[in-house]
Every structure is written in structure tokens, then in C-alpha cells.
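Please work through the exercises below with the sequence and the coordinates open beside you. Each one sets a task and then gives a solution in steps.

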There are 2 protein chains.
Amino acid sequence: MKNSRVTIKDIAKELGLSVSTVSRALKDHPDISVETKKAVVELSQRLKYKPNMMALSLKNSRSNIVGVIIPELVHYFFSSVISGIQEVADKHKMRVIVQQSNESFEQEGEALDAFSDGWIDGLIVSISKETSTYEHFDELQAKGIPIVFFDRPIEQDNVDSVVFDDYKGAYDAVEYLLKIGRRSIAHFAGPASTHVGRERLRGYKKALQDNGIPFSEDLVLYADSFEKGGAGVEALVAKGIEFDAIFTCNDFTAMGVLKALKREGILVPDQVAVVGFGDEDIARMVEPPLTTVRQPGREMGRVAMQTLIDKIDKVPTKERVHTLEASIIVRETT
Amino acid sequence: MKNSRVTIKDIAKELGLSVSTVSRALKDHPDISVETKKAVVELSQRLKYKPNMMALSLKNSRSNIVGVIIPELVHYFFSSVISGIQEVADKHKMRVIVQQSNESFEQEGEALDAFSDGWIDGLIVSISKETSTYEHFDELQAKGIPIVFFDRPIEQDNVDSVVFDDYKGAYDAVEYLLKIGRRSIAHFAGPASTHVGRERLRGYKKALQDNGIPFSEDLVLYADSFEKGGAGVEALVAKGIEFDAIFTCNDFTAMGVLKALKREGILVPDQVAVVGFGDEDIARMVEPPLTTVRQPGREMGRVAMQTLIDKIDKVPTKERVHTLEASIIVRETT
DNA sequence: TTGTATGCGTTATCAG
DNA sequence: CTGATAACGCATACAA
């Protein structure tokens, strides 16, 4: 009952044929007679024959498995991306193995190690917040395993990546706030070590500058979680810094901000407008619904996977950096 | 540059040894001389030798890969479970491949098909809402591939499963509502086709009964999403049905309820108390924070994976159904 | 049109 | 202590 797997050999024996004939018949090889083909196909279906992945992989030295390394699965954005990756993978009969770095440089290395046996056909990565050196990717690269980065690419040339136009997304968000009359806009920023953290800050600054609003260090602070968002508001209030809007680097931070604002008795959006980033599930569910910048994660996953497949199949690729639009979704916090 | 994989053969040639000797040296076989061992180990490290997974899998007919089929990854609960699964998998150097059914019976079948090549060592499944027949699992079972169900097991004996005590969770939630003085408690239920849907309803009814509160059909309706939660409240109000509490089958539904209540000008918790189920991320972030029933998803994933590994390794297993506690988390909506 | 031999990377068996 | 060989399941160059 255990090793009840049907192999090409079983069906060859049953039919009095050689394995090669069966193999060819199954692949619809032109050299095989119609009758033989029919017999083989018929029997193989009856026996529910399924080719052995591992044997195929060994033979072709191609596993049809790609690896994915992300910071945390438990995030609407990342799980959307995975869904997009899966969608394209399924179409190509490829499998996806996901490993989490939990935002830790060390765990990222371990995940990479797990893949470095070189049995995956390709890798899709979004680096951890801690990651600032990139040698650990070299080994894979050297082995000729294609890598595509998304959302948080490494700072290096010659890498393929799929990113959002975080700069423009942030610029638009801030410009929108200015348009509705806000003048003292705070930015709760992500870590400067990440591409997205820097780009969003850059967009924020540029929008201010283009609109003749002076930049103030006091209005920018690092806060990229629910808890830090709340603490940020309290810090601002405690220091007596005036502000009439807060633009956060992600929606969870915005949630913390909303909550702290309420605690402080500050009205949203009357006194302070809030704009998040990410359009998490939660954004439309909270009360009031959060204005935020939408990042189509699923789309990003699709593009990343397609790019990777093209690299695996050596399809001549045009661009190395794919930039996806991020667009502002106006709801009731502004 | 392409096929730069180092094999056992390369290091054998380099050292003028046979592959078998190298293989044994690498496995620390007692028959091998210390010097040979040292030389082999040293060179293999220098060459960054990594055994070829596929060859090993083929030889041992064990891939060290397990499959997981879940309804939707984009859910805090399911992604927590996956994290738990991964955690245990990593410890055992096993890999996890996740497929989504998107709550569709058909896609569940396709996912299963993808695994039915029989190259996975085991399978962990939570069935889709649509699934009510279970023949599609038979093929895998027949092949002797162990399956462990979680959260939503199939209605069948002889299956291993990990579930929450949904009955008790619901019972406790309702009893708590009664204790704080609520008498007209509505239940926004999940689909009757799912184990959890039925169990939670059962717990709801029993708690009422044990406390001498008559059960009313009017107070139970099917609503298991953000949108349906809102619609449910409106339906209740439109029909003029009195209620002073709502117990929902999940947190998203509760979010919809909260929002609709606010729209209707009904105060929470003064006029109506709300209890969710799941303790999603969102529950503690909303304002007011949601009272809910916590289901430790990560723990569930850990137990499921450990159970599966035991089955794969033929460890004599005691119980077939593992039941995890679900406990009420009181916050500000009650 | 079909069969034979070989190899993919590894380990286990059996000889030296 | 070490080496040659077969086998895992499949595909393919080469024979027949």
C-alpha cells in the first residue's frame, strides 16, 4: 500500500513494451504508432499514472520550483503579492516555496541558505529592514540562479526588480493634503535603510518644496508600526509641535495615529487629516475609513513572477526595473 | 557559468577518490580513515558543496516537501497558521508549498491535483466553504500520503485534525454577554456547511439554553464578511427586531457591524455590545477595540505540522483530533 | 516503429 | 579502509 506509485516501468511491463516507447508515447512523439500510443495513453489513465517530479527534476536539472523570501507573511500587502506570484506560477505549472525573514538579517540568510542547495529555478526577494549588505545573495547569483527583487530591492545595479513609484505616491499624497489646505504636514517615516522609506520621504520633501512650504525636521519622525504611530502623536503633542496633517509610511501606523488622536481629543479630519500608505484591508473597514495610497500587491506579485519566469526561460528582457503606479484613495480621514 | 553546481563527483575526482568514499566521508561513516574524511570535508567546504535535493529525493522517495491547501492566504488567521507550519517545518529542514483554493471547490481540486503527483511527503488542508464531498482526497490517501486537516476538517472518521474548541469559544462569548446583562443576543453566523459555522452556532444556542433565554430564529442570520455584517445590522433594524448584543462568526463581520451600528446611530457598547471571533490584527487597532475570541493560529499551525511530521515518520500517534482552546479577549465593545 | 544504453546525483550493497 | 556497481524514474542518442 505504501509504495503504490505507478511508474512508466509498470505500464511498460503491462503492455509488453519498453520504457522508452512508453515514455515517447506519453509525450506524443511522432515516431510512435497510433495504436501503441492509444494503448499507452489509455492504460496510463486507467492506472492514474503521474510522472515523478523528482526524477524529472533530476533529469532536466530544473525543479519548476521557485523560492520566495519575504519579511512577514502576516501582512496584507505581502500575502497579496504571494497571491499574485502564485497566480502566474500556477499558469506555468510552477510551484512556490515561501520563507520568511521576519525582518531579520540573520533569518534572511538562513532562508537563503535553505535555497542555496541550488535546487530552485529562481528566487523572488523582498529584503528585511535590517538588511544593508548584500553579499549573501552573491552565492545564488554566481550559481546562475535568477533573482528578482520586489518592493524592497537591494541597492545595486544589474538586478531585476519590481517596485512601486513610492516617490510619486508620497508626492501625490502630500500634494493632495496641501490642496485641501493643510500646511503643517507631519511625516511618520519608515526606516532610512529601506528603499521605500527613503523614496517616500523624498516625495514628501519634494511636494513641500514644489509648493513653497518650508521643510521642518520637527515634523518628520521614524514610526512604522501601530504602536510607534501612537507614540509619535504623543511625542508631537508633548513637544507642542503644531500640525494639521499626518502622512504615515503605512496603514498600521496610521491606525495608531488615529487612535492616539482620538485619545488626545483631536478631531479627524477637522483638526488633523491623516493619510496612510498601502491600502490594507483594514483601511476601508475602520471608522472613519482611511485615506491612503494604494499599492496593488497582487499586480506586483504577478509582474515579479513573470519577470522571473522570463529570466529562467532566458527570454530576452528589456527593462530591469519595473515600476508600478501607486495611487491615492481618498476616504474620510482627509 | 551556468551548470556550476559542485557534485560529489567533482570532489572525488579532485581528490583521486571514488564517489562512494566521498559520500561516506561526508556522512561521517565509521569505515573511513580520519585523514580521508578531513580532506573530503575540507575540500567540500571550500567548494561549497551542497547535496542535490532532487537526487536525494529520488533516491529516498522522500522530498521533504509538504503541501498546504488553504482557502485564502490574505487573512490574518490563515497566514498565522502558515507561519506556525513554517516554524516547525524549518526545524525539521522541511519545505512548505502553499496553494490557495480561494474558497472554491473546483480550485481546491486543482490544488490537490497539483500535489497528486505524489511527490509531497504529506499534506495539510483546511477545506473551502464550498466543499461538502471529500472523494478528491481519496486519491492522495490511497497513495499513503498522510493528511492533516485544520480548522475546517472534513466530516469523516479516521482523519487527523487540529481544531479549535469553537463550541466552547462561542459558548463563553455568549455567556459573557449574558453575564454583563445582555438578553437579546443576535448571532451573525458562518455557513452551515463548515464545521466552525455549526459549532459556533451550537455554542451560542447552548449558552442561551443553559441560562434560560429562549432561542429566537429572528436573531440568527448568515453573515460572514464585512459587507454582510453591515447588511445584517440594517436588516435587523429594518425588521424592527430588538437586540442588545451581536456575536459574529468572525472579526471582519464585526467590523461591518460596528460601522453599520455607527451609521444607524446606535451606541457601542452602551446600546449594543459586539463580540467578534478570531482576534485578527485589526481587532485591537480599531476604535473602540473589539472584544473577540482569540484563536491562536500560529499554535494551530505548529500542532498541525508536528502531527503531520509524526505521521510521515510513522511515529505512533495517540489522538487523532487535537483540540485547541479558544479564549475570549475582552476589550471595549462590551 | 521500437528497443538498448546511458546519464542526471546520490547512496547502499557487495567486493576487494 | 576503499572502490565498482546498481538503483531511484525518466528522457534521449543511438541502434536495430
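The exercises that follow concern a predicted model, and they treat the surface around a DNA strand and then two groups of strands in chain A.

**Exercise 1.** Describe the protein surface near DNA strand D, and determine which part of the DNA supplies most of the atoms that approach the protein.

*Solution.* Begin with the residues within 4 Å of the DNA: 25 residues surround DNA strand D, and the closest are I8(A), Y49(A), T21(B), R24(B) and T36(B). On the DNA side, sugar and phosphate make up 61% of the atoms of strand D that come within 4 Å of the protein. Sorting the surrounding residues by class then gives eight nonpolar, ten polar and seven charged residues. Finally, assign the surface to helices: α1 (8–15), α2 (19–26) and α4 (53–60) of chain A, along with α2 (19–26) and α4 (53–60) of chain B, each contribute at least two residues.

**Exercise 2.** Find which atoms of DNA strand D lie opposite the polar side-chain atoms of R24(A), S20(B) and T21(B).

*Solution.* Take the bases to start with: a polar side-chain atom of R24(A) is 3.3 Å from a base nitrogen of strand D, while a side-chain N or O atom of S20(B) lies 3.2 Å from a base nitrogen of that DNA strand. Turning to the backbone, a phosphate oxygen of strand D is 2.5 Å from an N or O atom in the side chain of T21(B).

**Exercise 3.** Trace the pairing of strand β4 (residues 147–150) of chain A, and state where its side chains point.

*Solution.* On one hand, β3(A) (residues 122–125) runs parallel to β4(A) and is joined to it by three bridges, with V125(A) partnered by F149(A). On the other, β4(A) pairs with β5(A) (residues 160–164), again in the parallel sense and over three bridges, and here F149(A) has S161(A) as its bridge partner. As for the side chains, I147(A) and F149(A) point one way from β4(A), whereas V148(A) and F150(A) point the other way, and all of them are buried.

**Exercise 4.** Establish the strand order of the open four-stranded sheet in chain A, and explain why β7 and β9 are edge strands.

*Solution.* The order is β7-β6-β8-β9, with parallel pairing. Because β7 (220–222) and β9 (273–275) each have a single partner strand, one side of each is left without a neighbour in the sheet. Neighbouring strands are turned by 20° against each other on average, direction ignored. Helix α10 (residues 226–239) of chain A packs on this sheet, touching β6 (185–189), β7 and β8, and its direction makes about 140° with that of β6(A).

How values were computed:
Residues are numbered from 1 along each chain as its sequence is written. Chains are lettered from A and ligands numbered from 1 in the order in which they are written. This is a predicted model: local features need pLDDT of at least 70, side-chain atom pairs count only at pLDDT 80 or more; totals for chains, interfaces and linings use all residues. Side-chain values use heavy atoms; hydrogens and water are left out. Buried means under 20% relative accessible area, exposed over 50%, partly exposed in between (1.4 Å probe, protein chains only). Two strands pair if DSSP finds at least two bridges between them. A polar contact is a pair of N or O atoms within 3.5 Å; within protein, one must be able to donate a hydrogen and the other to accept it, and residues adjacent in sequence count only if both atoms are side-chain atoms. Ala, Val, Leu, Ile, Met, Phe, Trp, Tyr, Cys and Pro count as nonpolar, Asp, Glu, Lys and Arg as charged, and the others, Gly among them, as polar. Axes are lines fitted to C-alpha atoms, for helices over the stretch in contact, and angles run from 0 to 180 degrees between N-to-C directions. Contact means heavy atoms within 4.5 Å.
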